[in-house]
Amino acid sequence: MQHSTIPSFDTWTSVFLLVSSLGFFLSIILSARKNSRKNNFPIILLILGFSFILFYYVLIWTNYRSIYPYLYFFDTSWYLAFGPLLYSYTTRFYNITFRVKWYHYIPAILCFVINTIYYVKTQGLQNSDGLENEVLLYFTRTINNPWLPALSFIIYLTTIKDFIKFHKNDKDSQYEATRKKWSAFLINLFFVFTAAYVSYYILVRFSFFSVHWDYAISFSMSVGIYAIGYMVYKEPSIFNGELLANLFLKETDHQEFSETTKEEFYSKLLTYINTNKPYLDNNLRLVQLADKVGFSSHTLSKIINEKASKNFNQFINDYRIKEAKKLLLEDTSSSIKTIYFDVGFNNKATFNNAFKSKYKCTPSEYKRKHLQVQND
């Protein structure tokens, strides 16, 4: 859509090149931690795919696509995967055992295979002579129809909303409220992305459409996708009640409590923890614990901070470490991996760091020293 045929960057295309780079960086950040990589893998792929698409758009806007025609990033295949990827991520908040079946990705895979065959036969999209009458060309054009991704977006927006509606819990709790608003927030962001995508293929038919409209639409799409990525990065803090409390929860108990009341609340909390051991739940959140002891997340966080002089994660991990120490001494046949998972940790690095911080040695060293003492 550039007015000049000479490949070049202007202010806007330079900005979008930077934005696509930020997408690659965000996907790396989300992949940095093992546990985060496991939970957020669908969103990592979604952001990575859109970053490739945006970079592909930059090549088109700057006319560098004409110089490097073999640079092709399978944009339609990525688009067809976006809906299933968001569906896969969102459903885990409602049913941790639920897995999106492989056939949801058939359109994206089929599109990728057909485009790959076409890419090879055209020598990197540089020579399509003799393919005009081939069935392959017909299938390539059909599956790259821009309205197929639009239909996929709409289908999965509807599917996700129906899944949430079917699995909703009428229990009046802060965790339910947080989960509901969190899911709605992600759906709305994806709707912004979908609306921007559809608007392009509608507005491009009108005479007033220009490259600046294209930039504005692509910017809106970027906001929708990267906002999802950023919020997914902050998801643990949101569910732990440490970030954006006013966005996801309405707190009503900002009044100050007397020291006697705080002591009573803290005693109730300790009794519940020692009796029920909620810290053994690998997915325990502050809002969930608050529901169980009958406090708001604001009150519980405040009580923990003041009485234990720790934040929520430190407070819970202390109990997990104590439980791990007990198992290391009593169950010498179990592996370190089994123990750290059984006491509520999701990855070895976090467990080792927390254990070493408290006992000045790693769990393996602690276990080995204990065995040596027994043998002596």
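C361 has a relative accessibility of 5% and therefore counts as buried, and C111, with a relative accessible area of 0%, is buried as well. The model described here is a predicted one, and a search for disulfides in this model gives a count of 0. For orientation, a disulfide is a covalent bond that joins the sulfur atoms of two cysteines. The points below turn to salt bridges, to pairs of helices that cross, and to a few single residues with their surroundings.

**Salt bridges**

- When the whole structure is searched, 10 salt bridges are found, and three of the pairs are described in the points that follow.
- One of them pairs E235 with R92, where the closest N and O atoms are 3.2 Å apart.
- Because E235 belongs to helix α9 (residues 235–239) while R92 sits in the loop between α3 (75–91) and α4 (106–121), this pair ties together parts that lie 143 residues apart in sequence.
- Is E235 buried or exposed? With a relative accessibility of 4%, E235 counts as buried, since the cut-off for that class is under 20%.
- Its partner R92, by contrast, has a relative accessibility of 21% and counts as partly exposed.
- A salt bridge also forms between the side chains of E134 and K121, with a distance of 3.1 Å from N to O.
- This pair links distant parts of the chain, for E134 is in the loop between α4 and α5 (135–143) and K121 is in helix α4, 13 residues apart.
- E134 is partly exposed, having a relative accessible area of 28%, and K121, at 42% relative accessibility, counts as partly exposed too.

**A network of charged residues**

- K307 and E263 form a salt bridge in which the closest N and O atoms are 2.9 Å apart.
- Since K307 is in helix α13 and E263 is in helix α11 (residues 259–276), the pair ties together parts that are 44 residues apart in sequence.
- K307 counts as partly exposed at 23% relative accessibility, and E263 is likewise partly exposed, with a relative accessible area of 43%.
- Which residues are joined into one network by salt bridges that share partners? The network consists of E259, K262, E263, E306 and K307.

**Helix α12 against helix α13**

- The axes of helix α12 (residues 286–293) and helix α13 (residues 297–308) come within 9 Å and cross at roughly 95°, which means that α12 is roughly perpendicular to α13.
- On the α12 side the contact involves L286, V287, L289 and A290, and these meet S297, L300 and S301 in α13.
- Sorted by class, the residues of the contact of α12 with α13 comprise 5 nonpolar, 2 polar and no charged.

**Helix α14 against helix α16**

- How are α14 and α16 oriented with respect to each other? The axes of α14 and helix α16 (residues 348–359) come within 10 Å and cross at roughly 85°, and α14 is therefore roughly perpendicular to α16.
- From α14 the contact uses D318, I321, K322, A324, K325 and L328, and from α16 it uses F351, A354, F355, K358 and Y359.
- The residues in the contact of α14 with α16 divide into 7 nonpolar, no polar and 4 charged.
- D318, one of the residues in this contact, is placed in helix α14 (residues 312–330), and at 18% relative accessibility it counts as buried.
- Once the neighbours within four places in sequence are left aside, D318 is in contact with K310 and K358.

**Two further residues and their surroundings**

- T90 is placed in helix α3, and with a relative accessible area of 2% T90 is buried.
- Which residues does T90 touch, when residues up to four places away in sequence are not counted? T90 then touches I160, I164 and S183.
- H370 is placed in helix α17 (residues 363–375), and, not counting residues up to four places away in sequence, H370 touches L328 and L329.
- L328 also appears among the α14 residues that make the contact with α16.
- H370 and Y119 are 251 residues apart in sequence, and their C-alpha atoms are 62 Å apart in space.

Technical notes. Residues numbered from 1 in each chain as written. Predicted model: local features only at pLDDT ≥ 70, side-chain atom pairs only at ≥ 80, totals over all residues. Heavy atoms only, no water. Axes fitted to C-alpha atoms, helices over the stretch in contact; angles between N-to-C directions. Helix = DSSP H or I, 4+ residues; strand = E, 2+ residues; numbered from the N terminus. Parallel < 35°, antiparallel > 145°, perpendicular 65-115°, else oblique. Contact = heavy atoms within 4.5 Å. Nonpolar A, V, L, I, M, F, W, Y, C, P; charged D, E, K, R; others polar. Salt bridge = Lys/Arg side-chain N within 4 Å of Asp/Glu carboxyl O. Buried < 20%, exposed > 50% of the residue type's maximum accessible area, 1.4 Å probe, protein only. Disulfide = S-S within 2.5 Å.
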